[in-house]
Amino acid sequence: MKQFLKFTLASILGLIVFTIVVALISAISVASIMTNEDLGESIKKNSILRINLSGVIEELKKEDPLSMFNDDDLNASYGLDELLTAIKKAKTNDKVKGIYLEGGKPIAAPATIQEIRQALLDFKESGKFIYAYADTYSQSGYYICSVADKVMVNPMGGIDWHGLASEPIFYKDMLEKLGVKMQVFRVGTYKSAVEPFTNTSMSEANRKQVTSYLFSIWDQMVKDVAVSRHIEEEKLNAYADSFMLLQPTEKFTQWKLADSLTYVDNVKAILQNKMEIEEDDDLSFVSVANMAKAASPNTSTSDNEIAIYCAFGEIVTSDVTSFIGNYSNYIASDKVIKDLKELRENKNVKAVVLRVNSPGGSAYASEQICHEVELLKAEKPVVVSMGGYAASGGYYISSGASQILAEPTTITGSIGIFGIIPEVSELLTQKLGLKFDVVKTNARSDFGSLSRPMNAEESRLMQAEIDRGYETFISRVAAGRKMKVEAVKKIAEGRVWTGKQAVKIGLVDKLGNIDDAVKCAASLAKVTKYSTAYYPTAAPWYTILLNDKKKRYMESQLRCLLGEYYPAFSLLRTLKSQDRVQMRIPFDPNIY
């Protein structure tokens, strides 16, 4: 009997081990297939690069070996790096004859959308075509697709062209009903990040700055579409006033916003005609992922490298883990410092492009990164390329660079600082009936206690800390931009600017995209032949496979459900772990 049990248990154990080994081998095989599915050989002649403009667009592509098993397009997430690389390679690849844009709802900041549009305009210089189709174009999707040689829309569809608006939500009255008050300390007339908790409407200063940057972004969008579609800017504004999404579809072609009304099943015939192929022949499409992985004949083999380091997300001291995992984007100072130090010590790296896309965050973490950027600049050129946002703490870490480039629609500036501490004693004692008592050895031993509000002296100390932080911020900008402190203070006060406005006041050197920043960095480093590489490098596929898939799925669902509101939710869920002193723009710019 013992022998029987022994052999039975051994067989079961062997079966378990065998199953695990087979599963691992299968996972490795799948990952290998996904990693090496296309190095250029499978791109057929007369191919068309197909770009689906739906989903979240982030700075760097996130590797997800399990994505092939998920056919839910709503969970799509794209890397700007991959998208730009694919467009650039398609321009020079003789097998690719054009681009087909599937208009949708790209979720990204205006500057990110503009960068994609610029890449498509550069592609058109090759003489290759761009066609676009959508059932309904979102405004950001139409802005991109307006570069196309032929813009097609469903006869029962629509084009959303309505202008821009910002509608912040104010929580003050709701919090007071719950017995919660916010103790706010700030420097900066325009530092409006605290207003949702202290006001019931926009302050005049905030209304002024929002009006300024909103019109600056919209004017740029109108100007770009006017050039591509050959429509007067005044007419485009008139069309926006009429709210195009509710207009008869015939107006789209009459007013030159679209070239034709057609159903999706006819798009194939239109593309076949453009490609001059027979009706029975299939079109050959290539995906963004495959195009980005295709071999490029112009790839440099030089040992000189221009590193592109992407810092995107909220600035924190270390990675934040929430109840649904750690899959959001954060600029963790401890990791960034380590990464930049490695780039500083790498002899092959001749210059660094610091790609910043951040609304700011921890004042302490911003200072640590700023210091590391200064150390890096002492060894080699550092050029900042600003993405959608590079404001407050995002500008802080940028200010010391050798050169700063931004998109016209980048949100930047916001040189200000604040601290916000919830005061919940009324909620706890009067609403919930809790009682507190305390024994303390010193006057401030219970500083920050939930059982009481701050007293006058504690408030004074807190404000003094905020004032010191503001003066440090001003001094860092003055030193980095080679400006007088008084001059910086005139354009500070927490005021938000667009990239176009920031050039005029000296916060940004010039307008340009990532490619422009790379060229600038190479010029400063005095290298003519160089290669480029993105950092930080993606985590190995097997570590992603070992992560909790359920949590990753929940995160992707929340991103898609909340869309542009996701950053605000992300902040609220990590509020407890936030540093008390913050450098950031309003919690939710809420531009739509």
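1. Asp 437 sits in the loop that runs between helix H15 (425-431) and helix H16 (456-481). Its relative accessibility is 79%, and because the cut-off for exposed is over 50%, Asp 437 counts as exposed. Ser 451 is 14 residues away from Asp 437 in sequence, and the two C-alpha atoms are 8.6 Å apart in space. Please keep in mind throughout that this is a predicted model.

2. Some overall numbers for the protein chain. There are 22 helices and 23 strands. Of the 592 residues, 50% are buried. Among contacts with a separation of 6 or more, 76% are between residues 24 or more positions apart.

3. The largest nonpolar core has 77 residues, and the members that touch the most others are Leu 49 and Trp 161. Helix H7 (residues 204-229) supplies nine residues, the largest share of this core. A further core, of 50 residues, lies apart from it; Leu 354, Val 382, Ile 397 and Ala 492 are among its members.

4. What does Leu 49 touch, leaving aside its neighbours within four places in sequence? The contacts of Leu 49 include Ala 86, Ile 87 and Ala 90. Val 96, Gly 98, Ile 99 and Tyr 100 are also in contact with Leu 49. The list is completed by Val 286, Ser 287, Val 288 and Met 291.

5. Tyr 142 belongs to helix H4 (residues 139-145). Is Tyr 142 buried or exposed? Its relative accessible area is 0%, and the limit for buried is under 20%, so Tyr 142 is buried. Once neighbours within four places in sequence are set aside, Tyr 142 is in contact with Tyr 137, Val 151, Ile 159, Trp 161, Val 225, Arg 229 and Leu 257. Trp 161, in that list, is also one of the two residues named above for touching the most other members of the largest nonpolar core. Asp 160 is 18 residues from Tyr 142 along the chain, with 7.6 Å between their C-alpha atoms.

6. Helix H2 (residues 80-92) packs with helix H3 (residues 110-124): the axes are 9 Å apart and the angle is about 10 degrees. Angles under 35 degrees count as roughly parallel, and H2 and H3 are therefore described that way. On the H2 side the contact is made by Leu 80, Leu 83, Leu 84, Ile 87, Ala 90 and Lys 91. H3 contributes Thr 112, Glu 115, Ile 116, Ala 119, Leu 120, Asp 122 and Phe 123. By class, this contact has nine nonpolar residues, one polar and three charged. Ile 87 and Ala 90 of H2 are also among the residues in contact with Leu 49.

7. A second helix pair is H12 (residues 333-345) with H13 (residues 363-379), whose axes come within 9 Å and cross at roughly 0 degrees. H12 and H13 are therefore roughly parallel to each other, the cut-off being under 35 degrees. From H12 the contact takes in Ser 333, Val 336, Ile 337, Leu 340, Lys 341, Leu 343 and Arg 344. From H13 come Ala 365, Gln 368, Ile 369, Glu 372, Val 373, Leu 375, Leu 376 and Glu 379. The class count for this contact is nine nonpolar, two polar and four charged residues.

8. On the cysteines: how many disulfides does the structure hold? The number of disulfides is zero. Cys 310 is buried, at a relative accessible area of 5%, and Cys 370 is buried as well, at 1%.

Methods:
Residues numbered from 1 in each chain as written. Predicted model: local features only at pLDDT ≥ 70, side-chain atom pairs only at ≥ 80, totals over all residues. Heavy atoms only, no water. Core = buried A, V, L, I, M, F, W, Y, C linked by side-chain atoms within 4.5 Å. Buried < 20%, exposed > 50% of the residue type's maximum accessible area, 1.4 Å probe, protein only. Helix = DSSP H or I, 4+ residues; strand = E, 2+ residues; numbered from the N terminus. Contact = heavy atoms within 4.5 Å. Disulfide = S-S within 2.5 Å. Axes fitted to C-alpha atoms, helices over the stretch in contact; angles between N-to-C directions. Parallel < 35°, antiparallel > 145°, perpendicular 65-115°, else oblique. Nonpolar A, V, L, I, M, F, W, Y, C, P; charged D, E, K, R; others polar.
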